[in-house]
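Here is a short briefing to read alongside the structure. Take a look at the fold first, then work through the points below.

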Amino acid sequence: MRNECAVTDFAITIAGDSALNLEFATTISAQTSGLIRTAAQTLEQDPIEGVRELVPTFCSLMVIYDPCAIGFDELVAKIRGKLRNLNSAENEVRRICVIPVCYGGAFGPDMQTVMEHSGLSEDDVVRIHTGHDYLIDMLGFLPGFAYLGGLDERLHTPRLAVPRTKIEAGSVGIGGAQTGIYPLDSPGGWQIIGRSPVRPYDPTREQPILYSAGEYLRFSPITPEQYAAIETQITAGEYEYEFIVEGA
Amino acid sequence: MGVTTIKPGVLTTVQDWGRSGYMGSGFSPSGVMDTRAFRIANLLVDNSQNAPVLEFCLAGPTLRFTTNTFIAITGGDFDPKVDGRPVPMYAAVFVRRGSVLSFGAPRRGMYGYLAVAGESFRVPEVMGSRSTNLKCGIGGWKGRALNTGDYLPFETKGLDFLPNLGSHALNGDAAFYGFDETETVLRVVPGPQDSLFTERGMATFFEEPFSTTTKCDRMGFRLDGPEIETVNGSDIISDGIAYGAVQIPSHGRPIIMLADRQTTGGYAKIGTVVSVDVPKLVQCAPGRTIRFKRISVQEAQQLFREEARHMKALEKMVRRPCSGGISPRRTARRLTPILEAQALASDGEKLWIELSQTDAHKHATARGEQG
């Protein structure tokens with residue numbers, strides 16, 4: 001394992017005439033995610049002319065750019081210059097997006113399966129699932145679909161043998177060693193253990209997706225009554241999304 | 001003012017350059033499949049570069065215009081007609097109020113484009129773009145493809161713009177697409193995971209012919225051909241997918257990722273088709289022979305910049321007044337439909353020159369009254 005404060009190197013690979021990848025590691029880890037997050041923030045705060053957008057993934061950061069504005073060699077030199085002193089995990093600020101979830105019952109049709117597979121009670125499943133914050137390694141698969149790291153091993157549950165053709169937006173599920181929330185209605189094979197009334201994705205909101213890679217999700221248990229109340233607030237546009245910033 | 005959809009065609013959507021800035025949140029960029037045909041359609045009718053157009057696949061829509069305007073049709077040739085009469089592609093074409101635009105059988109290409117003068121279709125911008133994202137149901141016309149009966153509004157400038165547009169025409173773009181050649185050559189920059197393929201795998205990719213299949217859509221084009229050998233399988237930890245990326249899944253045949261591609265994926269990418277060649281690919285019907293040619297990223301970016309300059313030059317050429325030269329007969333021929341159009345547009349109420357407002361006319365009237 002690398003020293004937490006070591007200056008880190010990255011490789012650059014070519015993804016055609018309008019994109020390149022900064023490759024930080026070959027294995028998934030919280031440290032790599034933090035590094036990618038820091039690199040992305042550095043390039044966002046002090047943008048290089050011609051860079052159009054950044055796509056952070058598990059181990060790399062894709063930089064999409066306009067070759068009319070900047071050529072490959074010049075961009076590589078500029079990125080190397082800006083990220084020369086990139087440190088991971090130093091004065092790290094954690095931004096946590098709180099997702100209220102109503103577990104079990106009609107919202108969690110597969111809670112029973114997860115309980116049987118793990119041998120835990122429903123309360124324990126909820127306690128463990130909400131017990132810590134999940135680092136968002138990457139968004140992908142669907143708009144706003146967060147790949148979360150660090151699901152407790154006791155909750156690992158195989159996917160459904162036959163995927164559902166429709167899973168409601170806001171559903172929270174477990175698929176093998178992964179957990180997450182469905183940002184929009186979608187087919188899927190995960191075990192659904194609850195549902196959130198919040199909309200991780202809303203194209204009319206200034207920030208269409210509530211969270212981004214490198215941030216954290218915190219699931220917080222709510223009752224069906226609270227679910228209904230929050231849903232009403234959201235429909236009326238009065239719901240205040242909860243974000244916690246730690247280490248600032 | 002707009003078009004009423006009589007027949008929607010197969011997959012007729014509103015598209016522009018695409019939705020950039022949200023790939024990191026998992027949104028496909030969407031946007032037109034053929035960026036070149038898109039740009040040319042807009043420049044023929046004096047629109048800005050990013051004006052939204054209608055994109056259709058093979059079976060074009062049948063549309064009734066509720067106002068006089070100019071349109072341009074580019075990309076795949078699906079035998080366009082206005083009121084049953086063939087009209088040229090790659091030209092600004094005048095359509096009258098009530099006219100019906102329809103398409104016949106596809107002759108060549110896969111994707112066609114329709115631009116309307118005056119910045120084209122009036123649809124709301126969603127997350128910075130008017131492109132339709134079918135998966136999320138956002139952008140374009142209600143986030144979906146056109147249906148029968150849809151009324152799609154567009155902006156129209158006053159008729160004063162018409163005389164200039166009448167002369168906007170190009171000689172098609174068949175040479176660029178290589179429609180008359182037996183195969184399509186796509187230039188590819190190797191990477192980002194070319195190192196996961198064996199030397200033999202790389203040789204197969206760059207030396208053997210592949211062919212397009214019926215498995216092609218706005219997400220990507222799957223090709224058939226010899227299996228491309230990997231060192232140790234093609235699974236990778238998911239990373240970003242660039243426009244034109246050539247993925248090689250475990251079956252060893254290429255999938256070229258396009259406008260509606262997923263933003264991340266777990267298959268190795270042997271290379272990326274250069275941006276200027278993607279339009280050639282998307283116009284390839286199933287069964288077309290494809291060959292890949294290796295070039296460097298610097299060469300690819302040179303091509304990119306040349307294409308940008310070429311488009312600028314094309315725009316200048318198209319917008320040159322009287323590009324047909326000054327010939328009284330030709331000018332008269334060109335003006336006649338325009339004057340007719342203006343007469344029609346006036347609905348018999350007002351003439352296009354308001355005589356009563358000219359000074360000479362006022363004087364004449366005054367003298368007449370006195371006399």
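## Where the two domains meet

In this predicted model, 9 residues of domain 1 of chain A are in contact with 6 residues of domain 2 of chain A. On the domain 1 side that touches domain 2, helix α1 (residues 30-45) of chain A gives the most, with 5 residues. That same side of domain 1 of chain A is made up of 5 nonpolar, 3 polar and 1 charged residues.

**Domain layout**
- Domain 1 of chain A covers 11-82, and domain 2 of chain A covers 94-246.
- Between the C-alpha centres of domain 1 and domain 2 of chain A there are 30 Å.

**Secondary structure and overall shape**
- You will find 5 helices and 14 strands in chain A.
- Chain A is as compact as a globular protein of its length, because its radius of gyration of 20 Å is close to the 18 Å that the globule rule gives for 248 residues.
- If you follow the C-alpha trace of chain A along its principal axes, the spans are about 55 × 45 × 40 Å.

**Burial and contacts**
- Buried residues make up 42% of the 248 residues of chain A.
- Among the contacts in chain A with a separation of 6 or more, 64% come from residues 24 or more positions apart.

Technical notes. Residues numbered from 1 in each chain as written. Chains lettered and ligands numbered in written order. Predicted model: local features only at pLDDT ≥ 70, side-chain atom pairs only at ≥ 80, totals over all residues. Helix = DSSP H or I, 4+ residues; strand = E, 2+ residues; numbered from the N terminus. Rg over C-alpha atoms; globule rule 2.2 N^0.38 Å. Buried ≥ 20, exposed ≤ 12 C-beta atoms within 10 Å, placed from the backbone. Contact = placed C-beta atoms within 7 Å. Domains from an automatic or database assignment. Nonpolar A, V, L, I, M, F, W, Y, C, P; charged D, E, K, R; others polar.
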